[in-house]
Amino acid sequence: MGGASRSDLSPRGGGAREGKHFPGKASRGAAAPGPSATGSGPAMSHLRAAAARGLRRSGGTAARPAGQSRKGASPRGGTSAPVPAPPPAQHLFSDPSEIDTLRGNLLAWYDKSKRDLPWRTLAATEPDADRRAYAVWVSEIMLQQTQVATVIDYYNRWMQKWPTLQALAQASLEEVNELWAGLGYYSRGKRLQEAARKVPWCWGVGAFLDPSAACGSVLAPVCLASLGLCAAATRVVTELGGQMPRTAEELQKLLPGVGRYTAGAIASISYGQATGVVDGNVIRVLCRLRCIGADSSSPAVIDRLWDMANALVDRSRPGDFNQALMELGATVCVPKAPLCGECPVRQHCRARRRVEKELAFASQKLFGKPAPVPDVEDCGFGDCPLCPPATEPWDSSLGVTNFPRKAAKKQPRVARTATCVLERRGCHGALEYLIVQRPSSGLLAGLWEFPSLALAQGLQEEQQREVLADHLQACTGRPVAAGDLRLIGEVIHVFSHIHQTYVVYSLPLDGDVTLDPALSPSRWVTEEEFHTSAVSTAMKKVLKACEKQHGKDSDHGKVGIAGGCTAPGAAPRCCGPWCAVLETHGLWGQAVDHPKPGTGLSLGGFALVCPQYQASKRKRGAKPQGASSTRPGTQLSLRAFLQAPTSL
Ligand code: SF4
């Protein structure tokens, strides 16, 4: 979640990590050479299929590099399996000395230019391998589809709250969702927590009471086993051998939500395993370095890029090399206007070379010189599976950004949802809202929202009201008339795959509303509580729209509080006593601005503070001020105001 715009802005290229271009283990299976000797079975990979197509088109005469054996060929000289055609040299890193130079240039640039990021500092300074791996893992999951700048604050708060895997394993999903609120793609947080529960795990004393909680959270502030006091210390169960898996392969195999990219990042950065990574930034850089213009989300191209990343990764500094490649994509080789002049690997960049050649061709043409004969290494003249398709030839106006290319994005599904902000005055007069919890699986799993209902396409406004009123009636157990629902407007939120329109209504309720406990969990929250709850960004937008509308409606120029009474002597609510006072002093109707509900109002040079507001400020540790002061400009509680009528 978080919207397509966030996904498009992803500093790592967005959309190239697990779950998008790498749809998990299925795609890996598809990419691996199939076990069938004939290659005709369902296990035949996309790559092999593409290569086979290439062989057929070229009459089966695709050249292989000298000395390369034909893997998969039948040893008995029987039917040969189709063998992937090696990509043309244009798309390869085949010169070891070039690879060495590229590594050296890239690492030197990274050492000088890398951004200071909290997860990098932790990974570089933390001596404990499990903590290092955990720190990298959290950062990598948060960075999926999300910008670095957004992630930093979330990451710091996360690591402060759950500095270790054990601490995270003890957290509830509600706590995880609360911290994750606003970061989008909520299933990421959930999967992190689920995976944490699989790693080192003490099913000690507390487990007898609550199998979902560890000792520390239930009974003991410290692990009793560490003090030699744990009755169940002999039963310390460590599902994964008491430590994080130590290789990319195991990380991917054993931890839920960890795909090939994340596994490679953790293993290379935390353990120094020489394994490559391919994310959106790496795809872009490699496609440009080697002029790969075929659909960069296709399994054939992705496989080729993984091979390339694994071949390029520096053997002595794999973690730094991988981060350098990603950093290059995030800061220099950016999607729209790459800074080729500052690029540390420009001498290896074939996209750049192609641009230079095209310019040279153009100028030769201008002076009437014959077009040069194409370089034998140049591609794009045949059926190369890594070149741009013939239908989308080189576009000279795009320069190096001809690479990479992606298949057209699928249009997001359009959906409409009616949502209602149910309001009431709480016992202290503060405005409260009803929120309900979403199911524990699916979109925005476990998050809280205003009562909402998916709308069928083509419903007229009256019909929308009717179905929403019925839904609210079921939620609250009291009759709700469709005509009482007030239309606030529409709020649009774009998820990665859904273009969602919320049709927002509001409905004030009087008195206590008892909710049916048999229905979804629900609760009343103040505005402050709403913002600290596990609610999505979309719901925050809904509340904002509602508050904006209320703000417009408030009667500026009249004394009173928005959402409260509108006439002297109205039923006592948050501002009821104030109205009585103002009426007593003949000030009702004096032109002053409406304050925000629950805050205060300015009158006669005094800022009057609602007692409810003061209480909440005190709770947050602010020093109540001005209760005994009558200096203009200070804040007075209602009590002080009542005791100092002369101040008016
Ligand atoms: Fe990217 Fe330009 Fe560097 Fe090539 S030279 S890798 S296109 S920034």
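Is E449 buried or exposed? Select E449 and see: E449 is buried, with a relative accessible area of 11%. Keep in mind that this is a predicted model.

**Start: E449 and its partner**

Now add R438. R438 and E449 form a salt bridge, with their closest N and O atoms 3.0 Å apart. This pair links distant parts of the chain, eleven residues apart. R438 sits in the loop between β2 (431-437) and β3 (448-449). E449 belongs to strand β3. R438 is partly exposed, at 23% relative accessible area.

**Zoom out: the whole protein**

Show everything as a cartoon. Look for 23 helices and ten strands. The protein has 648 residues, and 46% of them are buried. Switch on the surface. About 31000 Å² is exposed, and carbon and sulfur atoms supply 55% of that area. Consider the contacts with a separation of 6 or more: 68% of them are between residues 24 or more positions apart.

**Next stop: helix α5**

Select residues 118-125, which form helix α5. Which residues of α5 are buried? They are W119, R120, L122 and A123. These buried residues cover an arc of only 165° around the axis, so they lie on the same side of α5. Turn to the other side of the helix. There, A124 and T125 are exposed.

Go back to the buried residues and show what surrounds them. They pack against five helices:

- α4, residues 96-113
- α6, residues 129-143
- α7, residues 148-161
- α13, residues 260-271
- α16, residues 318-331

**Step to α4: E98 and R290**

From α4, pick E98. E98 forms a salt bridge with R290, and their closest N and O atoms are 2.9 Å apart. E98 lies in helix α4, while R290 is in the loop between α14 (280-289) and α15 (299-312), so the pair ties together parts 192 residues apart in sequence. Both E98 and R290 are buried.

**Step to α7: D153 and R157**

Select D153 and R157 in helix α7. Why are they separated by about one helical turn? Because they are four residues apart in that helix. Here too there is a salt bridge: the closest N and O atoms of D153 and R157 are 3.3 Å apart. D153 is partly exposed, with a relative accessible area of 43%. R157 is also partly exposed, with 35%.

**A network to trace**

Select D111, R317 and D320 together. A network of salt bridges links these three residues. How many salt bridges are there in the protein? The count comes to 18.

**Strand β6: S506**

Move to strand β6, residues 498-508, and pick S506. S506 is buried, with a relative accessible area of 2%. Show its contacts, leaving out residues up to four places away in sequence. S506 touches C420, V421, D484, L485, R486, I488, C546 and H550.

**Last stop: the cysteines**

Two cysteines among those contacts of S506 are C420 and C546. Stay on C420. At 0% relative accessibility, C420 is buried. Its closest cysteine sulfur is in C546, but the two sulfurs are 8.2 Å apart, too far for a bond. A disulfide needs the sulfurs within 2.5 Å. How many disulfides does the protein have? The count comes to zero. Finish on C387, another cysteine to select. C387 counts as buried, at 8% relative accessibility.

Definitions and conventions. Residues numbered from 1 in each chain as written. Predicted model: local features only at pLDDT ≥ 70, side-chain atom pairs only at ≥ 80, totals over all residues. Heavy atoms only, no water. Helix = DSSP H or I, 4+ residues; strand = E, 2+ residues; numbered from the N terminus. Buried < 20%, exposed > 50% of the residue type's maximum accessible area, 1.4 Å probe, protein only. Contact = heavy atoms within 4.5 Å. Areas by Shrake-Rupley, 256 points an atom, 1.4 Å probe, with all protein chains shown as cover. Arc of directions from axis to C-beta. Salt bridge = Lys/Arg side-chain N within 4 Å of Asp/Glu carboxyl O.
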